[in-house]
Amino acid sequence: MLQTMKMHLTVLTGASRGLGAAMAEQLLKNGHRLLTLSRHTADLWVVAGSDLEQWTADLVDAAPVAAQLEAWLLAQATRPLASVTLINNAAALSAPAPLHESSADDLSRALRVGLEAPMLLSAAFLRATAGWAVPRRLLFISSGLGRRAMAGSASYCAVKAGMDHLARAIALEQAGLANGARVASLAPGVIDTDMQVQLRTADPARFPEQARFAALKTGGQLDSPGDAAAKVLAYLARPDFGQNVTADVRDA
Ligand SMILES: NC(=O)c1ccc[n+]([C@@H]2O[C@H](COP(=O)([O-])OP(=O)(O)OC[C@H]3O[C@@H](n4cnc5c(N)ncnc54)[C@H](OP(=O)(O)O)[C@@H]3O)[C@@H](O)[C@H]2O)c1
């Protein structure tokens, strides 16, 4: 008799480059059904047994994307699945500078992509999958800067601190439910991506820690996106995922 293979379903934001693209690549090597959401698509290799759908979506305006995601997830409910996961990975840095020298548009964009979108997408994900009898995981990609403040990056610090506390509150809500989602907000370490380029090439007069970020690169202290992705996905696969709601791959 032909048996239907149960796939792991993962929704991943910000998969077009950096950490997200590396996670997408690794998930597709491991038999996942993957839905990605970014403004651009990525050139990803889909191995046999995996499945990829890429949406081009601007998460500055996440409400319609969240509604579309909720409808899409509801339509997946009849498929034989092994688990369902949302990884909120996309983020946008505002130009490194003191808050009072930053533009309102830039600050607003960082908040909306980094915090409003994960909140709306998570609400849609939790609602649509509420009755599913498979493991449900919700992962927020946070940062050490959600836990340590840094001058010149107030919006990013606020986004990531907000994300950590959002995760704590959702974890409390889900803990009381039958098959509640397991939730974690995970700092992924420092990674050699476009985001680091933005920090180390910033104007030192407006961003006091520019030299420290330049030294991370010259000192070879950045993880490759592939290595960081492997650490994040290993953390996601741990049986105790969700026990520590705020975590850091460097302590794992
Ligand atoms: N790099 C680090 O050292 C580091 C350290 C700590 C935490 N993190 C966190 O790790 C995650 C990934 O960072 P990264 O370094 O890989 O960043 P990155 O290279 O700058 O990539 C950011 C991703 O977010 C997407 N994105 C940005 N604006 C978007 C928008 N308006 N709508 C939809 N998607 C958008 C981008 O896709 P499009 O441009 O195609 O839209 C891209 O795929 C972020 O949450 C970041 O805060 C990174």
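Biologist: Leaving aside its neighbours within four places in sequence, what is Phe125 in contact with?
Modeller: In this predicted model, Phe125 is in contact with Val11, Leu69, Leu73, Leu86 and Leu138, once the neighbours within four places in sequence are left aside.

Biologist: And which residues have the most contacts inside the largest nonpolar core?
Modeller: Those are Met23, Leu121 and Phe125, and the core they belong to, the largest nonpolar one, has 58 residues. Helix 3, which covers residues 104-128, gives the largest share of this core, namely 10 residues. There is also a second, separate core of five residues, and among them are Ala97, Leu199, Ala202 and Phe207.

Biologist: Is there a general pattern behind that?
Modeller: In soluble globular proteins, nonpolar side chains tend to be buried together.

Biologist: Back to Leu138, then: where does it lie, and why is it called buried?
Modeller: Leu138 lies in strand 5, and it counts as buried because 26 other C-beta atoms are within 10 Å, where the cut-off for being buried is 20 or more.

Biologist: What does Leu138 touch?
Modeller: Not counting residues up to four places away in sequence, Leu138 touches Leu86, Ser122, Phe125, Ile170, Ala181 and Val183.

Biologist: Val183 makes me curious about strand 6, so how many of its residues are buried?
Modeller: Six of the six residues in strand 6, residues 182-187, are buried, and the strand is mostly covered. Arg182, Ala184 and Leu186 point one way from this strand, while Val183, Ser185 and Ala187 point the other way, and all are buried.

Biologist: Why would the side chains split up like that?
Modeller: In a regular strand the side chains alternate between the two faces of the sheet.

Biologist: Which way do strand 5 and strand 6 run, parallel or antiparallel?
Modeller: They run parallel, and five bridges join strand 5, residues 136-141, to strand 6. Within this pairing, Arg137 stands opposite Arg182 of strand 6. Strand 5, helix 4 (residues 154-175) and strand 6 together make a right-handed β-α-β unit.

Biologist: What about strand 7, how many bridges pair it with strand 6?
Modeller: Strand 6 and strand 7, the latter covering residues 246-248, pair over three bridges, in the parallel sense, and the bridge partner of Ala187 in strand 7 is Asp248.

Biologist: Changing topic, how many residues surround the ligand, and which are the closest?
Modeller: The ligand is surrounded by 28 residues, of which the closest are Gly14, Ser16, Gly18, Arg39 and Thr193. By class, this shell has 14 nonpolar, 10 polar and four charged residues.

Biologist: Which helices supply at least two residues of that shell?
Modeller: Helix 1 (18-29) and helix 5 (194-200) each do so.

Terms used. Residues numbered from 1 in each chain as written. Predicted model: local features only at pLDDT ≥ 70, side-chain atom pairs only at ≥ 80, totals over all residues. Near = placed C-beta within 6 Å. Helix = DSSP H or I, 4+ residues; strand = E, 2+ residues; numbered from the N terminus. Nonpolar A, V, L, I, M, F, W, Y, C, P; charged D, E, K, R; others polar. Core = buried A, V, L, I, M, F, W, Y, C linked by C-beta atoms within 7 Å. Buried ≥ 20, exposed ≤ 12 C-beta atoms within 10 Å, placed from the backbone. Contact = placed C-beta atoms within 7 Å. Pairing = 2+ DSSP bridges. Right-handed = clockwise from strand over helix to strand, strands pointing away.
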